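Trainee: Could you pick one part of this chain and take me through it closely? I'd rather have one connected story than a quick tour.

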Amino acid sequence: DLADAARTAGIDVRTEISVTPGDLVPVADSTAFRIVQEAVTNMLRHSGAAHALITAHLVDDVLHVEVSDDGRGAPDAMAPDAMSPCGTAQAGYGLAGLAERVRLLGGTLSTHSDDGFALRARIPARP
């Protein structure tokens, strides 16, 4: 549904998903959904992307989720230099909240702005 929302907005979205909800504990499943939801929302609001890729693969009980696009990119919202003068992340609170949620599960979340924008997460599938 999230990929379809981006397609409706005119973004060519490809998906590569080799995991089903039953492969994950509910908290990992809902966290993965929330990551993709935040990434697609940010893509629609800010990126100007024409193409995007959403992937989700289970490797050795770790869920690897990535949403990338060919849009404008953005400052690394989790890097210290991405802070505004008032000390809040320029990208808002969505990515920071996701990073904390993933960290509490024992995973990692990172952003990259090379040739577009990418949000990558590694989440234990069975914490």
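Mentor: Let's come in through a loop, at Gly-10, which sits between helix 1 (2-8) and strand 1 (12-17). Helices and strands here are DSSP runs, helices being H or I with at least four residues and strands E with at least two, numbered from the N terminus. Keep in mind that this is a predicted model: local features need pLDDT of at least 70 and side-chain atom pairs count only at pLDDT 80 or more, while totals for chains, interfaces and linings use all residues. Residues are numbered from 1 along each chain as its sequence is written, and side-chain values use heavy atoms, leaving out hydrogens and water.

Is Gly-10 buried or exposed? Gly-10 counts as exposed because its relative accessibility is 56%; the cut-offs are under 20% for buried, over 50% for exposed and partly exposed in between, with a 1.4 Å probe and protein chains only. Although Gly-10 and Ala-50 are 40 residues apart along the chain, their C-alpha atoms are separated by 7.3 Å.

Before zooming in, here's the overall layout. The protein chain has three helices and five strands, and they come in the order α-β-α-β-β-α-β-β along the sequence. Of its 127 residues, 39% are buried. Take the contacts (heavy atoms within 4.5 Å) between residues at least 6 apart in sequence: 63% of them join residues at least 24 apart.

The part I'd look at closely is strand 3, along with the strands that partner it. Strand 3 covers residues 62-69 and pairs with strand 2 (residues 51-59) in the antiparallel sense, over eight bridges. Pairing means that DSSP finds at least two bridges between the two strands. You can check the register at Leu-53, which stands opposite Ser-68 of strand 3. Strand 3 also runs antiparallel to strand 5 (residues 117-124), and eight bridges join those two as well. On that side, Val-67 stands opposite Leu-119 in strand 5.

Now settle on Val-65, which lies in strand 3. With a relative accessible area of 2%, Val-65 is buried. What does Val-65 touch, leaving aside its neighbours within four places in sequence? Its contacts are Ala-32, Ile-35, Val-36, Thr-55, Ala-56, Leu-119, Arg-120, Ala-121 and Arg-122. Thr-55 is worth picking out of that list: the C-alpha atoms of Val-65 and Thr-55 are separated by 5.6 Å, and the two residues are 10 apart along the chain.

Follow the chain back to the turn. Strand 2 and strand 3 form a hairpin with two residues between the strands. Asp-60 lies in that loop between strand 2 and strand 3, and so does Asp-61. Which backbone angles stand out? The phi of Asp-60 is near 50 degrees, a positive value in a residue other than glycine. Asp-61 likewise has a positive phi, near 65 degrees, and is not a glycine either. Asp-60 counts as exposed because its relative accessibility is 73%, whereas Asp-61, with a relative accessible area of 45%, is partly exposed.

There's another hairpin to look at on the strand 5 side. Strand 4 (residues 108-112) has side chains that alternate: Leu-109 and Thr-111 point to one face and are buried, while Thr-108, Ser-110 and His-112 point to the other and are not. Strand 4 pairs with strand 5, again in the antiparallel sense, over five bridges. One bridge matches His-112 with Ala-118 in strand 5. Four residues separate strand 4 and strand 5 in their hairpin, and Asp-115 in the turn has a positive phi of about 55 degrees.

One last stop is a residue on a helix. Asn-42 belongs to helix 2, which spans residues 26-47. Asn-42 is buried because its relative accessible area is 16%. Not counting residues up to four places away in sequence, Asn-42 touches Ser-47 and Leu-95.

To pull the close-up together: strand 3 is joined by eight bridges to strand 2 and by eight bridges to strand 5, strand 5 also pairs with strand 4, and Val-65 is buried within this part at 2% relative accessible area.
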